[in-house]
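Open the model in your viewer and keep the selection panel at hand. This tour goes stop by stop.

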Amino acid sequence: MCDYSGSSTKGGTVFTFDACPPVPFHFDTNPGDALSSATWTLSERVGGHLIQRRDPGPDPWRGEGPSGPARVDANFVNGRFTATGFDVWLSPPSHESTLTLGEL
């Protein structure tokens, strides 16, 4: 419960969690036909520990990851596109990113 008064809030707790909830994500490529050859990884930004991996498939990568800083990498098995990666901050309610790729 929160009571709004002017520009501030007062009252009780709205939500409490024992741990950070997972953050839904959606990673895509442009051009879309690169998805069928993309191997994706989601890793901790510091330390590089692998969080998740996805093999090539026809659809964007949809999943859930821990809230906070991470790194997403895409490698391409057919050699048509350049491997690429970028840093992300997964924060609720969700995260969406599209990799714009250049062909080799």
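Which residue in strand 9 stands opposite D28? Select D28 and look across: the partner is T98. Strands here, like helices, are DSSP runs numbered from the N terminus (strands E, at least two residues; helices H or I, at least four).

Before moving on, note that this is a predicted model, with local features needing pLDDT of at least 70, side-chain atom pairs counting only at pLDDT 80 or more, and totals for chains, interfaces and linings using all residues. Residues are numbered from 1 along each chain as its sequence is written, and side-chain values use heavy atoms, with hydrogens and water left out.

**Stop 1: the open sheet**

Stay with strand 9 and add strand 3. The two run parallel, joined by six bridges. Two strands count as paired if DSSP finds at least two bridges between them. Now add strand 6. The three strands form an open sheet in the order 6-3-9, with mixed pairing. Strand 6 (61-65) and strand 9 (95-100) are the edges, each pairing on one side only. From one strand to the next, the twist averages 25°. Axes for such angles are lines fitted to C-alpha atoms (for helices, over the stretch in contact), and angles run from 0 to 180 degrees between N-to-C directions.

**Stop 2: the nonpolar core**

Select F27, W40, L42, V72, F76, V88 and L90. Within the 19-residue largest nonpolar core, these touch the most other members. Such a core is a set of buried Ala, Val, Leu, Ile, Met, Phe, Trp, Tyr and Cys residues joined through side-chain atoms within 4.5 Å. Strands 3 (23-30), 4 (38-44), 7 (68-76) and 8 (84-90) each supply at least two residues of this core. Strand 7 gives the largest share, four residues.

Zoom in on F76. Beyond neighbours within four places in sequence, F76 contacts A34, S37, A38, F81, T82, A83 and L101. Contact means heavy atoms within 4.5 Å.

**Stop 3: S43 and I51**

Go to S43, in strand 4. Is S43 buried or exposed? S43 counts as buried because its relative accessibility is 10%; the cut-offs are under 20% for buried, over 50% for exposed, and partly exposed in between (1.4 Å probe, protein chains only). Leaving out residues up to four places away in sequence, S43 touches G48, H49, L50, I51, A70 and R71.

Next, pick I51, in strand 5 (residues 50-54). I51 is at 29% relative accessibility, so I51 counts as partly exposed. With the same sequence neighbours left out, up to four places away, I51 touches L42, S43, E44 and P66. Finish with a distance: I51 and G65 lie 14 residues apart in sequence, and 7.6 Å apart in space, C-alpha to C-alpha.
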